[in-house]
Amino acid sequence: MRKLPHLSSNLSLLGLSSKKLEEFALHEGEQAFRGRQIYEWIYQKGAKNLDSISVLPKKWRDSLQNKGIKIGRLDEIRRVVAEDSTLKLLMGTVDGEIIETVGIPTDKRLTVCVSSQIGCPMGCRFCATGKGGLNRSLDVNEIVDQVISIRETMHRRPTHVVFMGMGEPLLNIRNVLDSIECLTNDIGIGQRKITVSTVGIPDTLPDLAKLAQERIRKVKFTLAVSLHAPNQDLRELIIPSASSYPISSILKDCKKYIELTGRRVSFEYILLGGLNDKDMHAEQLANLMRGFQSHVNLIAYNPIVEEKFKRPSQSRVNSFRELLENKGVAVSVRASRGRDKDAACGQLRRQTIEKIKIN
Ligand code: SF4
């Protein structure tokens, strides 16, 4: 069989643009408008398989299926809705893996927290996902499907997407950038409403800026760097993989990224009670932020069973925030959502996998 243009390694059509689907149809010996029909059925009508696209000739649908070509939608395995309406979806892939996605609604927004990998190799100690290591990176269709599935399940158009679910996006950067392009052009989420969060991979930030410019031209998405500690020793305790990437190098790379893209960087800081939430840590953090076009997001830790870290008190969170503000740092505190339903990243997935093993 001749190589089909643009298809991902798993022969999925989801993730392709209208133009690429037209080229695909022409390559298949069909007219270009057939590609536009597939586009409309995938992105607007939410078709889950080729057979449901009744406007396509049956013979062609059968021939595509015989070649193993598919839309590439995921199967829902479990959904859990928290008291605050936060929705957690577990979805199954064709190779039997489980992906966790979260829909976080407010009056004006619906934010989808998407995963970029199955598992994660970074091993952050406070994170349930990091406990199981990495299985594999996600394909474009598997990333985009998470947003479409939340749209369908919550009957609402997502307004924001954050790459803060399972995985380290910079270890799957090509598929993440292709997904951003698809989410922007085909699902209608403005690039400014998309955030890519990284714990930091040495020497990748300037490359990310260049690659993003090549692929999606002007970079408008937000880069969020998960710092979580204001000094190297504490950071390595919380994030063992940080030993290969000193904070000073991260900040240097962030400055290069800002120069190349003209975009502000945000820093994520998870507050672990009694560990990195003292006044001296806020002062150290404020020193690191000096001279930076940045914003700090504080997150109060959501406990996981595997670790003994504590959630800080609300008054400690408030004091930490005030100290940063008094030092001139732009800061916000992220509200915890879905706390009654395993709010920590990867927790629901890990529990479900354990249950499947037991049964
Ligand atoms: S916090 Fe993010 S980078 Fe760290 S282990 Fe979890 S998923 Fe990976």
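**Close-ups: salt bridges and an open sheet**

At 26% relative accessibility, Glu152 counts as partly exposed, since that value sits between the 20% and 50% cut-offs. Keep in mind that this is a predicted model.

**View 1. Glu152 meets Lys48 in a salt bridge.** The closest N and O atoms of the two residues are 2.9 Å apart. Glu152 belongs to helix α4 (residues 140-154), while Lys48 sits in the loop between α2 (32-44) and α3 (58-66), so the pair ties together parts that are 104 residues apart in sequence. Lys48 is also partly exposed, with 46% relative accessibility.

**View 2. Zooming out a bit, Glu152 and Lys48 turn out to be members of a salt-bridge network.** Arg73 and Asp145 are linked into it as well. For the whole structure, the salt bridge count comes to 17.

**View 3. Helix α3 carries a salt bridge between Asp62 and Lys58.** Here the N to O distance is 2.9 Å. The two residues are four apart, about one turn of the helix. What is the relative accessibility of Asp62? The value is 29%, so Asp62 counts as partly exposed. Lys58 gets the label partly exposed too, at 46%.

**View 4. In helix α10 (residues 314-326), Arg321 and Glu325 are four residues apart.** That spacing is about one turn of the helix. Their side chains form a salt bridge, and 3.1 Å separates the closest N and O atoms. As for accessibility, Arg321 has a relative accessible area of 28% and is partly exposed. Glu325 is partly exposed as well, with 38%.

**View 5. Ten strands line up in an open sheet with mixed pairing.** Reading across, the order is β1-β2-β3-β4-β7-β8-β9-β10-β11-β12. Which strands stand at the edges? They are β1 (75-81) and β12 (331-334); each has a single partner strand, so one side of each is left without a neighbour in the sheet. From one strand to the next, the twist averages 25°.

**View 6. At one edge of the sheet, β1 pairs with β2.** In general, strands of a sheet pair through backbone hydrogen bonds, either parallel or antiparallel. In which sense do β1 and β2 pair, and over how many bridges? The pairing is antiparallel and runs over six bridges, with β2 covering residues 87-92. If you want a spot to centre the view on, try Arg78, whose bridge partner in β2 is Leu90.

Definitions and conventions:
Residues are numbered from 1 along each chain as its sequence is written. This is a predicted model: local features need pLDDT of at least 70, side-chain atom pairs count only at pLDDT 80 or more; totals for chains, interfaces and linings use all residues. Side-chain values use heavy atoms; hydrogens and water are left out. Two strands pair if DSSP finds at least two bridges between them. Axes are lines fitted to C-alpha atoms, for helices over the stretch in contact, and angles run from 0 to 180 degrees between N-to-C directions. A salt bridge is a side-chain nitrogen of Lys or Arg within 4 Å of a carboxyl oxygen of Asp or Glu. Buried means under 20% relative accessible area, exposed over 50%, partly exposed in between (1.4 Å probe, protein chains only).
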